[in-house]
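Student: I would like a close look at one part of this protein, followed outwards into its surroundings. Please take one helix as the starting point and build the picture from there.

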Amino acid sequence: MSEIHRHSGHMYWPATMEGRSAFPSLTSNEAAKVAVIGGGMSGITCAWELASAGIDVILAERDEVASESTSSNTGLLQYCNDIMLSDLIGQLGKRRAETFYKACAKAVDKLEKIAAELPGDCDFARRSSLYYASSEQDLPKLRQEYEALAACGLNAAYWTADDIAARFPFRKAGAIVTGGDAEVNPFRFVHLLARQSVERGLRIREKTDIVKHETLPGGAHRLHADNGRYIDAEHVVYAIGYEPESLRGKLIKPDLGRTFVAVTEPVSDLSRWHGRFFLWETARPYLYLRTTKENRIIVGGLDEKDSNPIRGKKALRGHSERLLAQAQALFPELPLSIAYEWNATFGESEDNLPFIGEDPEWPRVYYSLGYGGNGTVYSVLGAELIRELIEGTADDNPLEPIIGLSRATLRQ
Ligand SMILES: Cc1cc2nc3c(=O)[nH]c(=O)nc-3n(C[C@H](O)[C@H](O)[C@H](O)COP(=O)(O)OP(=O)(O)OC[C@H]3O[C@@H](n4cnc5c(N)ncnc54)[C@H](O)[C@@H]3O)c2cc1C
């Protein structure tokens, strides 16, 4: 792996998978209908979607599959987004905001189907989420959000302080419970999906850093790798995570920061953790918690503006202890101790939406950049939209004006 990752610390997910597949590097010039750059959640999901549709596709990954943000990812799959539906309605109007939220709910359903057919277990499980008011002052906003979700026909209920206290060892002023969310081990998911995609015809080239992109006369694309070899393709998909500046970055300006995660040693009794719900809150940045198959607790948050991960062990431990203290305040009876801890770069877009679609100034060049806490759900939206754009069937896709690169909220 390359020396400098956009994460640092002791990661949990890679420790859960032995014998993962390795893929060859680009040792000769190759050609394909579509070339995907980036072997994380977004790139592999997109390549899987294309290969499953019988499209000839090659994928270049600078390092190893799932070695960047995908391995830092805490594996929450939620239809609710960092931007609340009620705020998104203010930004996009009711019809489009609801279209986007419903598409996210459908994407979780699709992830369940994909997970069920993978050649191995990725620990996919359906979960509900408890989205609680961080303070009394947030209650009117929370209530408004509940009404927006219910009006949209999404799976949501409103819980009072008593409802919460009856099911958890803590009390909060109110909460929305959303159903139909899910959890996954993102590292296993991507590795298994990569394996299945290869069975469907995808060529994966690891240790293949694309350093130059040339458009040939006639409009085809040539991607030059760092070892002098190249890939020719009719279409190119950028799924390069938080590195949009590295090649064609002028258009896309993510707001980069860093975020922290601690994973505990397994605990023996989670009976006071109602339904193993995801927990998150109205404050921004938010604290979030989930459990794992091994009865560990994952707690994340404490986002900071600096995009460079903290590399010192002592400084990282200080953050992990703060996260643990917040988890402990919610579950005072649980004996919590840190087993894994890391921090990683995290990207958000100005309008809180992912960048997915064709470059308005560069024909047959596409992006699947899932900024925000819902990157996995966005990678599914991205894969479908990009396949339709390549197949020429995207005219009716209602997401294009919402997440595409010509969208109004990007021009404002
Ligand atoms: C701590 C943390 C927690 C998160 N939790 C969640 C969560 O619970 N749920 C969720 O949905 N999302 C979560 N996310 C967000 C999620 O990880 C990302 O949004 C996204 O899904 C990651 O996938 P990706 O493929 O876009 O990016 P990455 O995994 O970063 O993949 C991009 C790949 O492109 C490669 N690459 C870049 N440039 C080149 C090049 N020039 N040539 C070849 N290869 C290149 C990189 O090496 C990398 O492997 C979290 C993120 C962080 C940091």
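Tutor: The helix to begin with is H9, which is mostly covered, since 15 of its 17 residues are buried. The model is a predicted one, and what follows should be read with that in mind. The length of H9 agrees with expectation, because at 1.5 Å a residue its 17 residues should span 24 Å, and its end C-alpha atoms are indeed 24 Å apart. After the helix comes Gly392, whose phi is positive, near 75°.

H9 also takes part in the surroundings of the ligand, where it supplies four residues, the largest share of the shell. That shell comprises 41 residues, the closest being Gly38, Gly40, Glu68, Gly241 and Gly375. Besides H9 (375–391), the elements that give two or more residues to the shell are helix H1 (41–52), helix H2, strand E12 (255–264) and strand E16 (338–348). By class, the shell holds 13 nonpolar, 22 polar and six charged residues.

The ligand shell further leads to the division into domains, for it draws at least three residues from each of domain 1 and domain 3. Domain 1 is made of the segments 7–73, 187–253 and 351–411, while domain 2 covers 81–179 and domain 3 covers 255–348. Between domain 1 and domain 3, the C-alpha centres lie 28 Å apart, and the contact takes 12 residues from domain 1 and 15 residues from domain 3. On the domain 1 side of this contact, the elements giving two or more residues are strand E1 (7–10) and helix H2 (69–72), with E1 giving the most, four residues. This side has four nonpolar, eight polar and no charged residues.

There remains the nonpolar interior, to which Leu381 belongs: in the largest nonpolar core, of 118 residues, the members that touch the most others are Ala35, Val36, Ile37, Ala47, Val57, Val237 and Leu381. The largest share of this core comes from helix H4 (residues 94–116), which gives 11 residues. Ala35 can serve as a worked case, since, leaving aside its neighbours within four places in sequence, this residue is in contact with Ile58, Ala60, Leu223, Ile231, Ala233 and Val236. As a general background, nonpolar side chains in soluble globular proteins tend to be buried together.

Returning to the starting point, H9 combines 15 buried residues out of 17 with the largest share of the shell around the ligand.

Note on methods. Residues are numbered from 1 along each chain as its sequence is written. This is a predicted model: local features need pLDDT of at least 70, side-chain atom pairs count only at pLDDT 80 or more; totals for chains, interfaces and linings use all residues. Domain bounds come from an automatic or database domain assignment. Two residues are in contact if their C-beta atoms, placed from the backbone, lie within 7 Å. Ala, Val, Leu, Ile, Met, Phe, Trp, Tyr, Cys and Pro count as nonpolar, Asp, Glu, Lys and Arg as charged, and the others, Gly among them, as polar. A residue is near a molecule or strand if its C-beta atom, placed from the backbone, lies within 6 Å of it. The expected span of a helix is 1.5 Å times one less than its number of residues. A residue is buried if 20 or more other C-beta atoms lie within 10 Å of its own, exposed if 12 or fewer, and partly exposed in between; C-beta atoms are placed from the backbone. A nonpolar core is a set of buried Ala, Val, Leu, Ile, Met, Phe, Trp, Tyr and Cys residues joined through C-beta atoms within 7 Å.
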